[in-house]
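Welcome! Take a moment to look over the model below, and then we will walk through some of its features together.

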Amino acid sequence: MGINLSILYYDLEKYHPKKGELGSATSTSLRYISFWRPGDILANESLYILDAGNIGELCLEPGISLLCLGEPDLTGLPDGCGIIWVPENTDVKSLFSELSKLFFRYQQWEMELYQAVSQQRSMAVLGKLSLDIFREPLSLFACNFLTIFSVYHEKYGKMPRDFSLFKEKEYLSADVMSSIEKSDNLKEALKKKIPYIYQDEGEKRTLCCNIWVNGKNMATLHMDEINHRACERDAALLYILSQHIEEAFAGGYALSELKKTEMQVYIQNVLDGK
């Protein structure tokens, strides 16, 4: 897995980028940075840096990602081809250095998540490893309303008085469960396969991503908005985190995180394809 332009566009804010199409939040193929050269065969795994005036020389296809120096002519750009650009006078060495740091940061994060799952670490460890990435509260709820983890650190910002973390390994309150069961909007949201914003009656917004195993919704991952409004970057990163959590569920070890109830039987049946 890699990253995408949705992530890089927001992380390069100090370079004053502008954007065309960013592509899907769930398409995370970028692993390398390349300076485009005439004759290059373009690959989805690489972010290509080039002068905006050269864009007409490229044979572009969906899935290609470009970072232009100067504003490009987007005429004829195929759907699914991601593109952002920075001012023409941008310091290229500084830009490349920043990009290298970002790629390394996210690759290191993914490696830590991969190792945590491989070592069958607590699911809460996955949340804690991700706090520096999101800088917002992260929670994971099983489909039976059990809180698997709920993590945050106030070094990223004070929690509002009307906000508190959920207690891990405890069920949501009866009032909360009742309101969820009565919400048609939430029922529809729980069917989604991509990240989405859920807004409750009090207009509190939460970025969510459902966890799927063998076509069944196992849990929902939440990022609450405390310090910033959720954007495409957050959606793409939450999707990456969700994929590692799905691996933990698919591997079966996440069962140990759940209380010994019919939920464990249900998940085991899903894993067995029943």
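Is glutamate 225 buried, partly exposed or exposed? With a relative accessible area of 23%, glutamate 225 counts as partly exposed, because that class begins where the buried one, under 20%, ends. Please keep in mind as you read that this is a predicted model.

## The chain as a whole

Let us step back for a moment. The chain contains eight helices and 10 strands. It has 274 residues, of which 49% count as buried. Among contacts with a separation of 6 or more, 53% are between residues 24 or more positions apart.

## Glutamate 225 and its partners

You can find glutamate 225 in the loop between strand E10 (216-224) and H7. Setting aside residues up to four places away in sequence, glutamate 225 touches Glu136, Ile197, Arg205 and Ala230. Proline 137 makes a nice example of how a chain folds back on itself in space: proline 137 and glutamate 225 are 88 residues apart in sequence, yet their C-alpha atoms are 7.7 Å apart.

Two of these partners deserve a look at the level of atoms. A polar atom of the glutamate 225 side chain lies 2.8 Å from the backbone nitrogen of alanine 230. The side chain of glutamate 225 also makes a polar contact of 2.9 Å with the side chain of arginine 205.

## Arginine 205

Now look from the other side of that contact. Arginine 205 belongs to strand E9 (residues 205-213). Arginine 205 is buried, because its relative accessible area of 14% falls under the 20% limit. Beyond its neighbours within four places in sequence, arginine 205 is in contact with several residues, including Ile197, Tyr198, Gln199 and Arg229.

## Helix H7

Helix H7 covers residues 232-250, which makes 19 residues. From first C-alpha to last, H7 reaches 27 Å, close to the 27 Å expected at 1.5 Å a residue. Of its 19 residues, 16 are buried, so H7 is largely enclosed by the rest of the structure. After H7 comes glycine 252, whose phi is positive, near 90°.

As background, an α-helix has 3.6 residues a turn, so residues three or four places apart point the same way.

## Aromatic rings

How many aromatic pairs does the structure hold? There are five. One of them joins tyrosine 9 and tyrosine 10: the ring centres are 5.0 Å apart and the planes stand at 85°, so this pair is edge-to-face. Tyrosine 9 is buried at 16% relative accessible area, whereas tyrosine 10, at 28%, is partly exposed.

Another aromatic pair, tyrosine 152 with tyrosine 156, is tilted, with 6.1 Å from centre to centre and 50° between the planes. Tyrosine 152 is buried, with 12% relative accessibility, and tyrosine 156 is buried too, with a relative accessible area of 12%. A ring can also have a charge for company: the charged end of lysine 193 sits over the ring of tryptophan 212, 4.6 Å from its centre.

## Cysteines

A search of the whole structure turns up zero disulfides. For cysteine 81, the nearest cysteine sulfur belongs to cysteine 68 and is 9.0 Å away. Cysteine 81 is buried, with a relative accessible area of 0%.

Why does cysteine 208 form no bond with cysteine 209? The sulfur of cysteine 209 is the closest one to that of cysteine 208, but the two are 8.8 Å apart, which is too far for a bond. Cysteine 208 also counts as buried, at 2% relative accessibility.

Definitions and conventions:
Residues numbered from 1 in each chain as written. Predicted model: local features only at pLDDT ≥ 70, side-chain atom pairs only at ≥ 80, totals over all residues. Heavy atoms only, no water. Helix = DSSP H or I, 4+ residues; strand = E, 2+ residues; numbered from the N terminus. Buried < 20%, exposed > 50% of the residue type's maximum accessible area, 1.4 Å probe, protein only. Contact = heavy atoms within 4.5 Å. Expected span 1.5 Å × (residues − 1). Phe/Tyr/Trp six-rings, centres within 6.5 Å; stacked < 30°, edge-to-face > 60°. Lys NZ or Arg CZ within 6 Å of the ring centre and 35° of its normal. Disulfide = S-S within 2.5 Å. Polar contact = N/O pair within 3.5 Å; in protein donor to acceptor, adjacent residues only side chain to side chain.
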